[in-house]
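Thanks for coming, everyone. I would like to take you through one model today, with the sequence and the coordinates on the screen, and I will go through it region by region.

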Amino acid sequence: AKQAGRGVYRFFRDELNAVNQSRLKIEADLRRALENNEIHVWFQPKVDPLSERIVGAEALARWVTANNEIISPDKFIPLAEEIGLILPLGRHVLRQACEQAVGWPQREEGELSVSVNLSIKQFKDPNLVASVSEILDQTGLPPARLELEITESAAMMDAQKAREIVEQLRNLGIQIAIDDFGTGYSSLSHLRHFPVQTLKIDRSFIRHLTTDERSASIVASMFHLANALEIKVVVEGVETREQLDKLGPIGDALIQGYLFSAPQAAHDFSRVLHNMDAP
Ligand code: C2E
Ligand code: CA
Ligand code: CA
Ligand code: CA
C-alpha cells in the first residue's frame, strides 16, 4: 500500500509538472505574441437597423499565431490579466484600434466611432487616463470618436471610485459604455449617477427574445431605463431577422450581431466601409 501511495504521489507530481510547464509555455508564448505583433484587432460593425448603415465598430482582440491559428480573446485575455500582461496588451489594442479608425472614410452623417474594451485591471490602473490621452494624441483620433466599454461589474466595484475615473475619462472628450448590461446585478439607481452614454444589452437576453416573453420584458425594461436616463442602447448578439423584428417596437437601438456581420480583420472591415460609400 505504501508503494502504491508513492506511485500515486509520483504520478500527481509528474502531472502537475506537465501542467505547469505547458502553462509556462503558454505564458511565454503570449508575451512573445505581444512583442511580435501577433495580437490583432478585428472589428464588428454597429448598425443602425433603419438605414442598415454602419455607424461604428467594436474592436475585438485576436491572437493570430505564426501558423495562422486564431485564438479567441476568451482564452488569452484572462491569462493576460493573471500574468500582468493586460496593461501593455490593452494599450496595444487601444493604439491599433485608434490607428485604424483614423483611416476610416469620413462621412456626412457623422464620423464612425470605435469602441474598445477595458478590463477591470486597466480600469483601476492609475495611469489609465494619461495613457488613453497619450494614445489619442499620438494617433490623432478625435476623442469624440472613441468609446471605452467597461463591464457592469467593473463599474459597480467601488461606486465612488468608478465614478471618478469615468468623469476623468469623460473630460478627455471620449464616450463611455456599460458592457454586458443586465448580467452584473447593478443597482439601477446607481446608474443614474454614472455619466455613461451607452448601455450594451448582453447577448444572453437576446438569445431567448423570441421564445421567452420574460426575456422580452426584461429587454423592454432596460430600454425604458436607458430612455429615462437619455442613454443610447446597443443590442449585442442579434443573429436573426426575427430577433430584430421583435426589437423594433421595443425602441431605438444600434445592433451588433451576426445578422449584420461577425467581427472582421481590420483590412476587410476597412474595405467594407470604402465599398459602402463607393458610387
Ligand atoms: P464582449 O465585449 O461582450 O464582445 C462581444 C462578443 O460577442 C465578441 O466575442 C463577439 O464576436 C461576440 N458576438 C457578437 N455578435 C454575436 C452574435 O450575433 N452571436 C454570437 N454568438 N456572438 C456574437 P469575442 O470577440 O470572442 O470576444 C469575447 C470577449 O473577450 C469580449 O466580449 C470581451 O469581453 C473580451 N475581449 C475581446 N477583446 C478584448 C480586448 O481587447 N480587451 C479586453 N479587456 N477584453 C476583450
Ligand atoms: Ca464589449
Ligand atoms: Ca458585451
Ligand atoms: Ca459578453
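Let me start with a question: which residues does R107 touch, not counting residues up to four places away in sequence? Before I answer, please keep in mind that what you see is a predicted model. The residues that R107 touches, with that exclusion, are R53, I54, V55, L112, M276 and D277. R107 itself sits in the loop between α3 (86–103) and β4, and, with a relative accessibility of 9%, R107 counts as buried, because the cut-off for that label is under 20%. If we take one of those contacts, V55, the C-alpha atoms of R107 and V55 are 9.9 Å apart in space, with their positions 52 residues apart in sequence.

That leads us to strand β2, which spans residues 53–64. Strand β2 is mostly covered, in that 10 of its 12 residues are buried. On one pairing, strand β1 (residues 39–48) runs antiparallel to β2 and is joined to it by 10 bridges, among them the one in which P45 has A57 of β2 as its partner. The hairpin that β1 and β2 form has 4 residues between the strands, and E52 in that hairpin takes a positive phi near 55°.

Strand β2 also pairs with strand β3 (residues 70–71), again in the antiparallel sense, over 2 bridges, and here the bridge partner of W63 is I71 in β3. The hairpin of β2 and β3 has 5 residues between the strands, with N68 taking a positive phi near 65°. With β4, by contrast, β2 pairs in the parallel sense, over 4 bridges, and the bridge partner of E58 in β4 is S115.

E58 brings us to the metal sites. Which residues coordinate the calcium ion that is ligand 2? In this model they are E58 through OE, N117 through OD1, E149 through OE and D179 through OD, at 2.1 to 2.3 Å. Along the chain, these donors follow the spacing E-x58-N-x31-E-x29-D. Since E58 lies in strand β2 and N117 lies in strand β4 (residues 113–118), the pair ties together parts that are 59 residues apart in sequence. As for their surroundings, E58 counts as buried, because its relative accessibility is 4%, whereas N117 counts as partly exposed, at 29% relative accessibility.

Now to the other calcium ion, ligand 3, whose protein donors are D179 (OD), D180 (OD) and E236, which is listed twice through OE, lying 2.2 to 2.6 Å from the ion. Here the spacing of the donors along the chain reads D-D-x55-E. How far apart are the two calcium ions, ligand 3 and ligand 2, and which residue coordinates both? They are 3.8 Å apart, and D179 is the residue that coordinates both. D179 belongs to strand β6 (residues 175–181) and E236 to strand β8 (residues 232–236), so this pair ties together parts that are 57 residues apart in sequence. D179 counts as buried at 6% relative accessibility, and E236 counts as buried too, at 11%.

Let me turn from strands to helices. Two packed helices are described by the angle between their axes and the distance between the axes. In our model, helix α5 (residues 128–139) and helix α7 (residues 159–171) pack at an angle of about 20°, with their axes 10 Å apart. An angle of that size makes α5 roughly parallel to α7, because the label applies to angles under 35 degrees. The contact is made by L128, V129 and V132 on the α5 side and by I165, Q168 and L169 on the α7 side, and α5 passes α7 in a right-handed crossing.

My last stop is A80, and the question is whether this residue is buried or exposed. A80, whose place is in helix α2 (residues 73–82), is buried, with a relative accessible area of 0%. Leaving aside residues up to four places away in sequence, A80 touches L30, L85, I86 and L89. For a sense of where that lies relative to strand β8, whose residues are 232–236, A80 and K232 are 31 Å apart in space, C-alpha to C-alpha, and 152 residues apart in sequence.

Key. Residues are numbered from 1 along each chain as its sequence is written. Chains are lettered from A and ligands numbered from 1 in the order in which they are written. This is a predicted model: local features need pLDDT of at least 70, side-chain atom pairs count only at pLDDT 80 or more; totals for chains, interfaces and linings use all residues. Side-chain values use heavy atoms; hydrogens and water are left out. Donors are N, O and S atoms within 2.8 Å of the metal (3.2 Å for Na, K and Ca); water is not among the atoms, so sites may look incomplete. Buried means under 20% relative accessible area, exposed over 50%, partly exposed in between (1.4 Å probe, protein chains only). Two strands pair if DSSP finds at least two bridges between them. Axes are lines fitted to C-alpha atoms, for helices over the stretch in contact, and angles run from 0 to 180 degrees between N-to-C directions. Angles under 35 degrees count as roughly parallel, over 145 as roughly antiparallel, 65 to 115 as roughly perpendicular and the rest as oblique. A crossing is left-handed if the near helix is turned anticlockwise from the far one by less than a right angle, and right-handed if clockwise. Contact means heavy atoms within 4.5 Å.
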